[in-house]
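The exercises below ask you to read a protein model step by step, beginning with strands and ending with helices. Try each task by yourself before you turn to its solution.

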Amino acid sequence: MVDMDERSDSTVLNGQYKVRGGKLVSVDVTAAEGRIASAHVFGDFFLEPDDALEDLNAALVGMDTEATAAEIGAALTARIDSRPDPVQMIGFDVEAVAIAVRRALGHASSWEDLTFDVIDPVVLPPVMHVALDEVLPLEVVAGRRNPHFRIWDWDSPLVVIGSYQSLRNEIDAEGAARNGIGVVRRITGGGAMFMEQGNCITYSLVVPTSLVEGLSFEQAYAYLDDWVMGALAEIGINARYVPLNDIASEQGKIGGAAQRRFAGGVLLHHVTMAYDMDADKMGEVLRIGREKLSDKGTRSANKRVDPMRSQTGLAREQIIEGFLEFFRSRYDTVTSTYTEEELARARELVRTKFGTEAWTARVP
């Protein structure tokens, strides 16, 4: 990206945005005195009538280079709506153009702008992974760590409930105690994660919020998990995103996502997918467990929730390795691991926050 103060009037700035399930939108702009001086929108989309392209270009000229994606989109819409004939934008929309413009002007980033730390699975108590989801984004905010992708692995059972869930409404305390399963509250919203060793696959992705600039919350979920749809396809699962935050196949729900945005411009996005869960045990521990089993591909013959195991025939380790290989092949990455300082901060958070009754029962 080029710094705004260093741009000359003739500097051509390019931004691109690939519409999920749609077309690539590109825009070349020049800027002068804080305004867009020229703009040319192009891509592999379809537009009728074709002279509407000139209206898109004209709507951008003169706009403040600090205009938000919403403001840019509104200007484009107003220009198109002022035409006497209807305009059809096929494979893209004004929001896609606005995001491309914001990227050209250096206010939004793309996957290609980022280098990701990739942290292979490290076996830790699951509560440590919950704590690391607070520690690591703050490391990115502080500039001590790159955006990153990490896969959890753990050595003991735990139910991780959403930040806003009621403890007593979600958890059968007697059932949890009987099965030796603890409960921890995480910092993101969403539903409960039933985690026994080897029964699910969980990953965390930490990115700058500029990566989802101009996207709605619903769009941001699907956008950040677009890569995993390709990874799932490679192992034989035809998956789709079900708004707001579920990943499903023809056989039912596979997993769900949750997000948290941090001050400082960093976003945490994490996903848990069922690999092979004990449905009977889950029903004893989660009060709503039995109600949710039907959408997770439960097979009554052996009372397992096993959408990934049964649909792929692969060991959990093979699926994880496939995810890691696919992510590395798609993005610029470096291999990393947790630092001793990060682990120490996570242990302290377990002691003072995530391992305390006050935090876990903050919504009784």
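**Exercise 1. The pairing of a strand**

Task: Find how strand β14 (residues 252–262) pairs with β15, and then determine what lies on the other side of β15.

Solution. Strand β14 and β15 run antiparallel to each other and are joined by eight bridges, in a model that is predicted. Within this pairing, Gln259 has His269 of β15 as its bridge partner. The two strands form a hairpin with three residues between them, and Gly264 there has a positive phi near 105°. The next step is to look at strand β11 (residues 200–208), which is antiparallel to β15 and linked to it by nine bridges. Two residues show how this pairing is laid out: Ser204 stands opposite His270 in β15, and Val206 stands opposite Leu268 in β15. As general background, the strands of a sheet pair through backbone hydrogen bonds, in either a parallel or an antiparallel way.

**Exercise 2. Buried or exposed?**

Task: Decide whether the residues of strand β15 (residues 266–274) are buried or exposed, and take its two faces in turn.

Solution. A residue counts as buried when its relative accessible area is under 20%. On one side of β15, Val266, Leu268, His270, Thr272 and Ala274 are all buried. On the other side, Leu267, His269, Val271 and Met273 are buried as well, and both faces are therefore covered. Nine of the nine residues of β15 are buried, so the strand is largely enclosed by the rest of the structure.

**Exercise 3. Two open sheets**

Task: Write down the strand order of the open sheet of eight strands and of the open sheet of three strands, and name the edge strands of each.

Solution. The sheet of eight strands is open, its pairing is mixed, and its order is β12-β13-β14-β15-β11-β7-β6-β19. Its edge strands are β12 (240–242) and β19 (332–336), each of which pairs on one side only. From one strand to the next, the twist averages 25°. Helix α7 (residues 217–224) lies across β11, β12, β14 and β15, and runs at about 115° to β14.

The sheet of three strands is also open, but its pairing is antiparallel and its order is β1-β2-β3. Here the edge strands are β1 (13–18) and β3 (35–43), with each pairing on one side only. On average, and with direction ignored, neighbouring strands of this sheet are turned by 20° against each other. Six bridges hold the antiparallel pair of β1 and strand β2 (residues 24–32), and Lys18 has Leu24 in β2 as its bridge partner. Helix α1 (residues 52–60) packs on this sheet, where it touches β2 and β3, and its direction makes about 155° with that of β3.

**Exercise 4. One residue in its surroundings**

Task: Locate Ala100, and list which residues it is in contact with beyond its neighbours within four places in sequence.

Solution. Ala100 belongs to helix α3 (residues 94–104). Its relative accessibility is 0%, and Ala100 therefore counts as buried. With neighbours within four places in sequence left aside, Ala100 is in contact with Gly15, Gln16, Tyr17, Val25 and Val27. Ala100 and Lys18 are 82 residues apart along the chain, yet their C-alpha atoms are separated by 8.9 Å.

**Exercise 5. Two pairs of packed helices**

Task: Describe how α8 packs with α12, and how α4 packs with α13, by angle, axis distance and handedness.

Solution. Two packed helices are described by the angle between their axes and by the distance between those axes. Helix α8 (residues 226–234) and helix α12 (residues 316–330) pack at about 125°, with axes 9 Å apart. That angle makes α8 oblique to α12, and their crossing is right-handed. The residues that meet include Trp227 and Leu232 in α8 and Phe323 and Phe327 in α12. Sorted by class, this contact has seven nonpolar, one polar and three charged residues.

Helix α4 (residues 126–141) and helix α13 (residues 340–354) pack at about 120°, and their axes are 8 Å apart. That angle makes α4 oblique to α13, and the crossing of α4 and α13 is right-handed. Among the residues making the contact are Val127 and Leu136 of α4, together with Leu343 and Phe354 of α13. By class, the contact of α4 with α13 has 12 nonpolar, no polar and six charged residues.

Technical notes
Residues numbered from 1 in each chain as written. Predicted model: local features only at pLDDT ≥ 70, side-chain atom pairs only at ≥ 80, totals over all residues. Heavy atoms only, no water. Axes fitted to C-alpha atoms, helices over the stretch in contact; angles between N-to-C directions. Parallel < 35°, antiparallel > 145°, perpendicular 65-115°, else oblique. Left-handed = near helix turned anticlockwise from the far one by under 90°. Contact = heavy atoms within 4.5 Å. Nonpolar A, V, L, I, M, F, W, Y, C, P; charged D, E, K, R; others polar. Buried < 20%, exposed > 50% of the residue type's maximum accessible area, 1.4 Å probe, protein only. Pairing = 2+ DSSP bridges.
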